[in-house]
Each structure stands twice: as C-alpha cells, then as structure tokens.
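Please open the structure in your viewer and keep the sequence beside it, so that you can select residues by number as this tour goes along.

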Amino acid sequence: MATDKSNRPQLTKGEEEVMQVLWELDKGTVNDIIARMPDPKPKYTTVATFIKILENKEFVRHEAVGKGFVYYPAVAKEEYARTVVGNLLASYFDGSMSNMVSFFSRQEKISMRELDEIMEIVEKARKS
C-alpha cells in the first residue's frame, strides 16, 4: 500500500501501542515488543497481526535474522506526531494553534511554570 507521507493513515489504539514500544526499542522481534508491553501481555499472534498491519501501512519494515524477523520503525515518532497534531488542529480547532492552546489552557490546569515554558518556546520560534 503505497502511501504519501502527508496522506499516511492514522493508527488504531492497538497499532499505536505497538509503535510506541517499537519507537522505544528502535528495533526488535515480536517477543521483544511483547516483553516491553504492560501487563496483561497481549498474545504473540495479536502483536504479530498488528506488526503485519503496520507493515502494510508502511509504518514498519523488517529484516530477516536467522529464521525470524527483526522489525524497525519506517516512520519517525516525531513525523507521526506531526501528522496527528495536524489532523487534530484541522478537525477540532479550524487549523488554529492558538485555538488549540486556548482550549487546553481552559480545560487543563496549566501551571505558571508550564505557561512560562510555552512562552519561551514561542519566543525561540520567533527568533528562528
């Protein structure tokens, strides 16, 4: 399934859980992935199915090692995060970052420290 990066499909919750572990590992077998997942551990076949789906969606690639496979991310975590945040902005905040920040500042109790950090990030972005 050839997919343009900007058109990359979003992940289901289960797929994203597997990707989070694979991003953390950088590469690993199905058993390596299962070992890093929280209890109760999913079945081998469940994780293997998610890996196959992720390969079809072009999020994961593999290399043969002995009789098995080692899997590794084909998409950087930051790249996927950019897509998710972009979709969130477009779907819920009319594409406006300020609308999103305003929403979260009203919904979540943001501390003064966090607001200062946000302001620092904005200032750095303005200078670059």
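Where is the place of Ala76? Select Ala76 and you will find that its place is in the loop between S2 and H4, where the letters H and S stand for helices and strands, which are DSSP runs (H or I, at least four residues, for helices; E, at least two, for strands) numbered from the N terminus. Ala76 is partly exposed, with a relative accessible area of 38%; here buried means under 20% relative accessible area, exposed means over 50%, and partly exposed lies in between, with a 1.4 Å probe and protein chains only. If you then add Arg126, which is 50 residues away along the chain, the C-alpha atoms of Ala76 and Arg126 turn out to be separated by 26 Å.

Before you go further, please note that this is a predicted model, in which local features need pLDDT of at least 70 and side-chain atom pairs count only at pLDDT 80 or more, while totals for chains, interfaces and linings use all residues. Residues are numbered from 1 along each chain as its sequence is written, and side-chain values use heavy atoms, with hydrogens and water left out.

**The whole chain**

Now select the whole protein chain and colour it by secondary structure, which comes to six helices and two strands. Reading from the N terminus on, you will meet these elements in the order α-α-α-β-β-α-α-α. The radius of gyration of the protein chain, taken over C-alpha atoms, is 18 Å, well over the 14 Å that the globule rule (2.2 Å times the number of residues to the power 0.38) gives for 128 residues, so the chain is more spread out than a compact globule. If you turn the model along its principal axes, the C-alpha trace spans about 55 × 35 × 30 Å.

With the surface switched on, you are looking at about 9,200 Å² that the protein chain exposes, of which carbon and sulfur atoms supply 54%; such areas come from the Shrake-Rupley method with a 1.4 Å probe, and for residues only the protein chains shown count as cover. Buried residues make up 27% of the 128 residues.

**From the first segment to the loops**

Select Thr12 next, which lies in the segment before H1 and, at 39% relative accessibility, counts as partly exposed. Adding Glu117, 105 residues apart from Thr12 along the chain, shows two C-alpha atoms that are separated by 31 Å.

Move on to Asp26, which is found in the loop between helix H1 (13-25) and H2 and is exposed, with a relative accessible area of 54%. Its phi is near 80 degrees, a positive value in a residue other than glycine. This deserves a second look, because most residues other than glycine have a negative phi, and most peptide bonds are trans.

Then select Asp39 and Pro40 together, since a cis peptide bond joins them, with omega about -5 degrees. Pro40 lies in the loop between helix H2 (30-36) and helix H3 (44-56).

**Around the strands**

Which loop holds Glu58? Glu58 lies in the loop between H3 and strand S1 (60-65), and at 29% relative accessibility it counts as partly exposed. The C-alpha atoms of Glu58 and Ala74 are separated by 6.7 Å, although these residues are 16 apart along the chain.

Val70, your next selection, lies in strand S2 (residues 68-73) and counts as buried at 13% relative accessibility. Leaving aside residues up to four places away in sequence, Val70 touches Lys27, Gly28, Thr29, Arg61, His62, Glu63 and Val65, where a contact means heavy atoms within 4.5 Å. The C-alpha atoms of Val70 and Val30, 40 residues apart along the chain, are separated by 7.8 Å.

**The loop between H4 and H5**

Finish with two residues in one loop, of which Asp94 is found between H4 and H5 and counts as exposed at 72% relative accessibility. The phi of Asp94 is near 50 degrees, a positive value in a residue other than glycine.

Is Ser96 buried or exposed? At 18% relative accessibility, Ser96 counts as buried, and it lies in the loop between helix H4 (77-92) and helix H5 (97-107). If you display its side chain, you can follow it to the backbone nitrogen of Asn99, which the side chain of Ser96 reaches at 3.0 Å.

Definitions and conventions. A polar contact is a pair of N or O atoms within 3.5 Å; within protein, one must be able to donate a hydrogen and the other to accept it, and residues adjacent in sequence count only if both atoms are side-chain atoms.
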